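Visitor: Hi! I have a structure open on my screen and would like to talk it through with you. Could you walk me around?

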Amino acid sequence: MRELSVGEAARRAGVAVSALHFYERKGLIRSLRTSGNQRRYGADVLRRLAVIRVAQRVGIPLETVRRAFEALPEERTPTREEWAIMSAAWHEELEERIAQLVNLKDRLTDCIGCGCLSLTACALANPGDTLAAEGDGARRWEPR
């Protein structure tokens, strides 16, 4: 297996070296150490980094990514089927996010200028002023 230096892995993945160190501390990727205690990454780390970046772009928390990675083999590059099984776990969460975004898009005009997401007029976050019973101020953003 070809090993990549920290700089090479960061450059090829399009991330900062500090991001590699951060992802490693979070248990998302792992490195090997040379006799001089330098980090080396297997080439399969590039696929994991690509998944991490895509997941971050769509708002999937890193902890969710880490848990999904637990199902993947660490000693080799996962197969297409293994990646498919891992990503299937995100399907429901992504569907919920899509529904929230569609809701926002469809009701955004009513929301502009509202100023407070707990006003009676806010059809997006507080339809029918249902949150008034919980007290003053914004309570939540997610529609129910």
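Guide: Happy to; we can take the sheet, then the helix contacts, then the aromatic rings. One thing to keep in mind is that this is a predicted model.

Visitor: Great, the sheet then. How many strands form it, and in what order?

Guide: There are 3 strands in an open sheet, ordered E1-E3-E2, and the pairing is antiparallel.

Visitor: And which strands stand at the edges?

Guide: Strand E1 (3–5) and strand E2 (32–33) do. Each has a single partner strand, so one side of each has no neighbour in the sheet.

Visitor: How many bridges pair E1 with E3?

Guide: E1 and E3 are joined over 3 bridges, in the antiparallel sense. If you want a spot to click on, Leu-4 has Tyr-41 in E3 as its bridge partner.

Visitor: What about E2 and E3, how many bridges there?

Guide: That antiparallel pairing runs over 2 bridges, with E3 covering residues 39–42. Look for Leu-32, which stands opposite Arg-40 in E3.

Visitor: What do E2 and E3 form together?

Guide: They form a hairpin, with 5 residues between the two strands. Asn-37 sits in the loop between E2 and E3, and its phi is positive, about 65°, although Asn-37 is not a glycine.

Visitor: Why point that out?

Guide: Because most residues other than glycine have a negative phi.

Visitor: Okay, helices now. At what angle do H1 and H2 pack?

Guide: Helix H1 (residues 6–13) and helix H2 (residues 17–25) pack at about 100°, and their axes are 8 Å apart. The two helices are therefore roughly perpendicular to each other.

Visitor: Which residues meet there?

Guide: From H1 you have Val-6, Gly-7, Ala-9 and Ala-10, and they meet Val-17, Leu-20 and His-21 of H2. By class, the contact of H1 with H2 has 5 nonpolar residues, 2 polar and no charged.

Visitor: Nice. How does H1 pack with H3?

Guide: H1 and helix H3 (residues 45–57) pack at an angle of about 45°, with axes 10 Å apart. That angle makes H1 oblique to H3. The crossing of H1 with H3 is right-handed.

Visitor: And who makes that contact?

Guide: H1 brings Ala-9, Arg-12 and Ala-13, while H3 brings Leu-46, Leu-49 and Arg-53. The residues of this H1 and H3 contact are 4 nonpolar, no polar and 2 charged. You will recognise Ala-9, since it is also listed for H1 where it meets H2.

Visitor: Moving along the chain, how do H3 and H4 cross?

Guide: The axes of H3 and H4 come within 10 Å and cross at roughly 145°. The crossing of H3 and H4 is right-handed.

Visitor: Which side chains should I display for that one?

Guide: Try Arg-48, Val-51, Ile-52, Ala-55 and Gln-56 of H3 along with Leu-62, Val-65 and Phe-69 of H4. The contact of H3 with H4 divides into 6 nonpolar, 1 polar and 1 charged residues.

Visitor: Last topic: how many aromatic pairs does the structure hold?

Guide: It holds 2 aromatic pairs. One of them is Phe-69 with Trp-83: the ring centres are 6.2 Å apart and the planes are at 75°, so the pair is edge-to-face.

Visitor: Where in the chain are those two?

Guide: Phe-69 is in helix H4 (residues 62–69) and Trp-83 is in helix H5 (residues 80–88). They are 14 residues apart, and the pair links distant parts of the chain. Phe-69 also belongs to the contact of H3 with H4.

Note on methods
Residues numbered from 1 in each chain as written. Predicted model: local features only at pLDDT ≥ 70, side-chain atom pairs only at ≥ 80, totals over all residues. Heavy atoms only, no water. Axes fitted to C-alpha atoms, helices over the stretch in contact; angles between N-to-C directions. Helix = DSSP H or I, 4+ residues; strand = E, 2+ residues; numbered from the N terminus. Parallel < 35°, antiparallel > 145°, perpendicular 65-115°, else oblique. Contact = heavy atoms within 4.5 Å. Nonpolar A, V, L, I, M, F, W, Y, C, P; charged D, E, K, R; others polar. Pairing = 2+ DSSP bridges. Left-handed = near helix turned anticlockwise from the far one by under 90°. Phe/Tyr/Trp six-rings, centres within 6.5 Å; stacked < 30°, edge-to-face > 60°.
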